[in-house]
Amino acid sequence: MERSAAAFENDLNLKATELRLGLPGTDNEPDHQQSSSSSSSQLIKNNKRSCSEMDGARQTGQQQESGAPAPKAQVVGWPPVRNYRKNVLEQQKKPESDTGSGMFVKVSMDGAPYLRKIDLKFYKNYLDLLKALENMFKCTIGVYSEREGYNGSEYAPTYEDKDGDWMLVGDVPWDMFVTSCRRLRIMKGSEAKGLACL
Amino acid sequence: MAYSFPEEVLEHVFSFLSSDRDRNAVSLVCKSWYEIERWCRRRVFIGNCYAVSPDIVIRRFPEVRALEMKGKPHFADFNLVPEGWGAYVHPWIRAMSAAYPLLEEIKLKRMVVTDESLELIARSFKNFKVLVLSSCEGFTTDGLASIAANCRNLRELDLRESEVEDLSGHWLSHFPDNCTSLVSLNMSCLGSEVSFSALERLVARCPNLRTLRLNRAVPIEKLPNLLHRAPQLVELGTGAYSAEIRSDIFSNLAEAFSVCKQLKGLSGFWDVVPAFLPAMYSVCSGITSLNLSYATIQSPDLVKLVSQCRNLQRLWVLDYIEDTGLEALAASCKDLQELRVFPSDPFGAEPNVALTEQGLVSVSEGCPKLQSVLYFCRQMSNAALVTIARNRPEMIRFRLCIIEPQAPDYLTLEPLDAGFGAIVENCKELRRLSMSGLLTDKVFEYIGNHAKKLEMLSIAFAGDSDLGLHHVLSGCESLRKLEIRDCPFGDKALLANAAKLETMRSLWMSSCSVSFGACKLLGQKMPRLNVEVIDERGPPDSRPESCPVEKLYVYRTVAGRRADMPGFVWTMDGDKSLTFS
C-alpha cells in the first residue's frame, strides 16, 4: 500500500456515491439551508441596538456567520442542550453493533482457526482498516478498484451489512460503511471474484 | 433582662428548624438568639459562592457539618461562560479543613473541583459522609480514588453530570474491604470500565445501598449480578442496555428485576435494545421516576414501557415519544408531576419526529398533577399555551424551548405574547419560567403584572426595548435569578432598577445592549453588588464607553470584589473605573 490516503480515496470515487442533499452535479450547499442561515442572521440583526459601534462589531460577526453557508443553528449555546447530552446523542446516531459501546465487529478469514474482533471506530478510513487487517491476519488484500474490486489479490475483504447482505468493502463512503457493517469476512481471492463482477 | 429559657433549651428548640429562612428569622430576634442560633447551625446553603467568603461563613457559623454551594451561572451549561471564569472550590476546602474537622457533607453545583481538593477532603474530615458533585469539573478519577480509599464512613458519592477526566476505572477498587456504609453511588457520568468484581463485592457488602447509578460501560449481562446482591435498591441507573438478543440474558434480567421489590427510580438506558425492555415490566407498577432521556428508541416501544408505569410521577424522555406517545402517557399516568422532553436532533434543520405542541397539550389535559415542564419542540401556538395555562393553573416550573429562535405562533404568525401571558396570568404559583419564540415587550408587561411568585426567569432572543426589561425588574417581586441572552435590553432599564438587583441573587446578560459606561455607573452606584464584565475582545476601556459589553454578570455580595478573576473578566468598582484582579 504505497499510495497516499488521498489518492486511495479518489480511487474509491467517494464523491459520486456520497449522499448529499441537492441536485446531482452541484457542489454547493442546497438552497434551503442558505436561505435559512441568512434569515436567522437577519433575525438577530433586527434586534434594535443602541450603539453604532456595537452594530459594526456585531455585523462583522454576523457577516462571518452568514458568509459561509452555515447550518441553521450555529448560535453558541442554542438550543440550550448540555454538552454531555449532545455528545451522547451524536454517538448514538450511529447505530451501535450488537455488543453495545464501541463499534466492535467480528472478523473472520477463510482458513483461519479463530475469529478476531476490531473496533471500527478506531480507524479513520479504508486505508487504515485494510492495513490493520493485513497486519492482523498476515495476508495481502491488495488495492480496491470500482470496476475490478480486489482482483489480483490473494484475499478480498467483504462485510455483512444491516440487511444481511454480503458486500465488498470499499464501495460506499467510509462513514456509511462504519454504520452499516455488522461483521467482516476476508474471503479468498478466487471466491471474491464473483462479488466484484456484479 | 431575664430569659425564661436557658440556652440549652433554646438550642433544642432551634434544632427543629431546618429551613434557612426560619433560622435567619430566629437570628434577628435579639443578640442572644443570634448567638445561640449561630453556634447550632449545622447546614449552610450558599447559592452563589462569590456572595460570601469562607472566612465570613466560618466566623459566623463555627459548627457547620454540611455545606451546599453553587458556583457558575446557569448559562455555563450552554457554553456561554468562558473557560477559566472561576468558581474554584479549593479556597473553601482549605479554610474548612482547618475550621470544620467534623464536616460531613459537601454538595457542589457548577464548581471547579480539583484532585487536590478531593485529596484534602479525604484527609481532613474524619467523619466525611456525603459528596455530591453536580455539573462540576476539574478533577480526575485519581481524586475519586482518594475519596474512596480514605473516607471510612462514606455514605454518598454522587457525580451527577460532572465532567471527570477519566484516567481509568481503577478508582472504584480503592474502596477498602471494610467499607460497608454506602447508601448512594452515582458514577453514571464516567466512561471507563471499573473492575466488575470490585463493584460486585462493594455492592454486596453495603446493605444500606439505596441508589446505584452505573455508567455506560457496565454491560447488561452483568446487571443481574448486581441486582441480586442489592435487592433493596430504590433507584437504579443501568449501564448500556443492549446485548445480543439471547433468551438467557433476557430471563436472567427479568428474574433479577423481579427480586427488586423496592425500585422506584430507573435511569441509564444508553444504547437501548427494545427487546430487553420487557425484562423490567415486573417493577414498572412501583416506578415513580423514569429517565429515558438517553434511550434512542421509538415511540411504540416507549409507549409500551411507560403505560406499564401507572404510578409514574416524573418522566424524562426524548422527543422520539412524539405526540401519540404523550397522548398515551396522559392516558396512563395520572400521577405525573414532572415531564421533560429533550430533542433528539437539536441541530437538524427539519423536524425528525412527529412531536408538536399537541403532545404537551395532551399531557396538560390528562395529568391533573402536572406542575413541572421542560419541553423542546419546533412549533407552538398561542392557542396551545392558553389551553395549557387553563388546564394547569397550579404549574410551578414551565420551561419551553422552541428550537428556532424567534419562531412565531405557527398558526397566526403572531408573537407568542398572549400565550406566555396566559401562563403567568393563570399559573399564580409559577416559580420558574423559560421562554422562547417570537416575543415582544408585551409579554414582559404580562410577566411584570402577574408573575408575582416568579423566582427564576430565562429569556432569549426576545423583546423590543428597555421597556421589556423594566417591566420584569419592576414587577416581579419574588425574582431571584434573571438570565438574558441576545435581547435588545440596555442601560436605561438596568440603571433605573439598580436597587432591585440587591434583592436578587444574580443577573446575567449576554449579547444585549448594555454599554460599558452603564456598567461602570452601576458598579459605582451599588457597592454591594459585584458588577462583572466578561469580554473576550480585550479591556472594555479600549473601546468607546457607549460600546455594549459582551456579557454582564451582576450579583449581590458581602465579600467585595473577587480575587480570582481571569483576564477576560473586569469588575466595575466604585473606587476606580476599571479594576483588574
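Here are some questions and answers on parts of chain B in a predicted model.

Local features here need pLDDT of at least 70 and side-chain atom pairs pLDDT 80 or more, while totals for chains, interfaces and linings use all residues. Residues are numbered from 1 along each chain as its sequence is written, chains are lettered from A and ligands numbered from 1 in the order in which they are written, and side-chain values use heavy atoms, leaving out hydrogens and water.

Me: How buried or exposed is B:Val13?
Reply: B:Val13 is found in helix H1 (residues 7–14) of chain B. Buried is under 20% relative accessible area, exposed is over 50%, and partly exposed is in between (1.4 Å probe, protein chains only). B:Val13 counts as partly exposed, because its relative accessible area is 46%.

Me: B:Asp409 has no salt bridge, so how far away is the nearest side chain of opposite charge?
Reply: A salt bridge puts a side-chain nitrogen of Lys or Arg within 4 Å of a carboxyl oxygen of Asp or Glu. Lys and Arg count as positive, Asp and Glu as negative, with His and the chain ends not counted. B:Asp409 is buried, and for this residue the nearest opposite charge, on B:Arg390, is away by 13 Å.

Me: Which helix of chain B follows the loop that holds B:Asp409?
Reply: Helices (H or I, at least four residues) and strands (E, at least two) are DSSP runs, numbered from the N terminus. That loop starts after strand E16 (397–402) and leads to helix H16 (417–426).

Me: How many residues of H16(B) are buried?
Reply: Among them are B:Phe420 and B:Ile423. H16(B) is mostly covered, and of its 10 residues the buried ones number seven.
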